[in-house]
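Visitor: I have a few labels I would like justified. Could you take me through them one at a time?
Guide: Gladly. Have a look at the model before we begin.

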Amino acid sequence: MSIGTPSRTGRSCRLVASMTMAIRRLRQAAAVTFGWIVVFDALHVYWELGGRFGFGDQADPLPSAQTAGQRVFAAVVLALFVIGTVLPLAFVQRWGKRIPRWILITMAWVAAGLLSVRAVAAFLDDAMRTVFGSPTGLSGLTYEQVLGTATPSAYTLWSARTIDFYFLIGGVLYGATAWSASRRADEQPDPPHRAE
């Protein structure tokens, strides 16, 4: 028995405990993120089928797809929905191991960034109108252009703010998943060295 054995055993136990914790963190983050996207997807399906809950008093809240540019935009958004839905699962399912980890982590960070930027831009746009009295907000659009009425009800304004906040939650969750996956990758053990 060598003198270094207990130290090596202790280090191995700490490494296993650290990896187990990293895996648990990633599974939890991925599960919560997946739950968020399922609700997000379900709401969009509901709205596409004609549901209006969540939009306040807006008469026609969904963007049209009449021009070629609008149809291309809608196709890109649909692709992002599909990718965003399977992405949290790819971190914790066997089939996800076929995709390089760095690609999944990068995609999760991009999702976090897109959702967060969309939310923060909407908050700033709203603040420019409500707090600073700008008729066109940060986006250069009036309430009538954004919400369909020049004088939106409080119900409509708070519905829009709730949707914006839900985007922010999604950004945080995808960021947490990306961070957890990055930590797990950092804590992977080095391959064992063969004794000379």
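Visitor: How do you know that the end-to-end span of H3 agrees with 1.5 Å a residue?
Guide: H3 has 30 residues. The expected span is 1.5 Å times one less than the number of residues. That gives 44 Å for H3, and its end C-alpha atoms are 43 Å apart, so the two agree. Keep in mind that this is a predicted model.

Visitor: Which residues of H3 are buried?
Guide: Among them are Leu104, Ile105, Ala108, Ala111, Ala112 and Leu115. The list also includes charged names: Asp125, Asp126 and Arg129. Each has under 20% relative accessible area, because that is what buried means.

Visitor: What makes spacings of three or four places recur in such a list?
Guide: An α-helix has 3.6 residues a turn, so residues three or four places apart point the same way.

Visitor: Which members of the largest nonpolar core touch the most other members?
Guide: They are Trp36, Phe40, Leu87, Phe91, Phe167 and Tyr174, out of 23 residues in that core. Helix H1 (5–48), H2, H3 and helix H5 (154–186) each supply at least two residues. H3 gives the most, with seven.

Visitor: What does phenylalanine 167 contact, beyond its neighbours within four places in sequence?
Guide: Trp36, Phe40, Leu115, Arg118 and Ala119. Contact here requires heavy atoms within 4.5 Å.

Visitor: Now the surface. Why is valine 72 called exposed?
Guide: The cut-off for exposed is over 50% relative accessible area. Valine 72 has 54%, so it counts as exposed. Valine 72 lies in helix H2.

Visitor: Which residues form the nonpolar patch on the surface?
Guide: Val72, Val76, Leu80, Val110 and Leu114, with about 440 Å² of accessible area together. Membership needs over 30% relative accessible area, no salt bridge, and nonpolar side chains within 5 Å.

Visitor: Which helices supply the patch?
Guide: Helix H2 (68–90) and helix H3 (101–130) each supply at least two residues. The largest share, three residues, comes from H2.

Visitor: And the chain as a whole: what makes the pattern α-α-α-α-α?
Guide: The chain has five helices and zero strands. Read along the sequence, that gives α-α-α-α-α.

Visitor: How much of the chain is buried, and how much area is exposed?
Guide: Buried residues make up 30% of the 196 residues. The chain exposes about 12,800 Å², with carbon and sulfur atoms supplying 68% of it.

Key. Residues numbered from 1 in each chain as written. Predicted model: local features only at pLDDT ≥ 70, side-chain atom pairs only at ≥ 80, totals over all residues. Heavy atoms only, no water. Patch = residues over 30% accessible without salt bridge, like charges linked within 9 Å, V, L, I, M, F, W, Y side chains within 5 Å. Areas by Shrake-Rupley, 256 points an atom, 1.4 Å probe, with all protein chains shown as cover. Salt bridge = Lys/Arg side-chain N within 4 Å of Asp/Glu carboxyl O. Helix = DSSP H or I, 4+ residues; strand = E, 2+ residues; numbered from the N terminus. Buried < 20%, exposed > 50% of the residue type's maximum accessible area, 1.4 Å probe, protein only. Core = buried A, V, L, I, M, F, W, Y, C linked by side-chain atoms within 4.5 Å.
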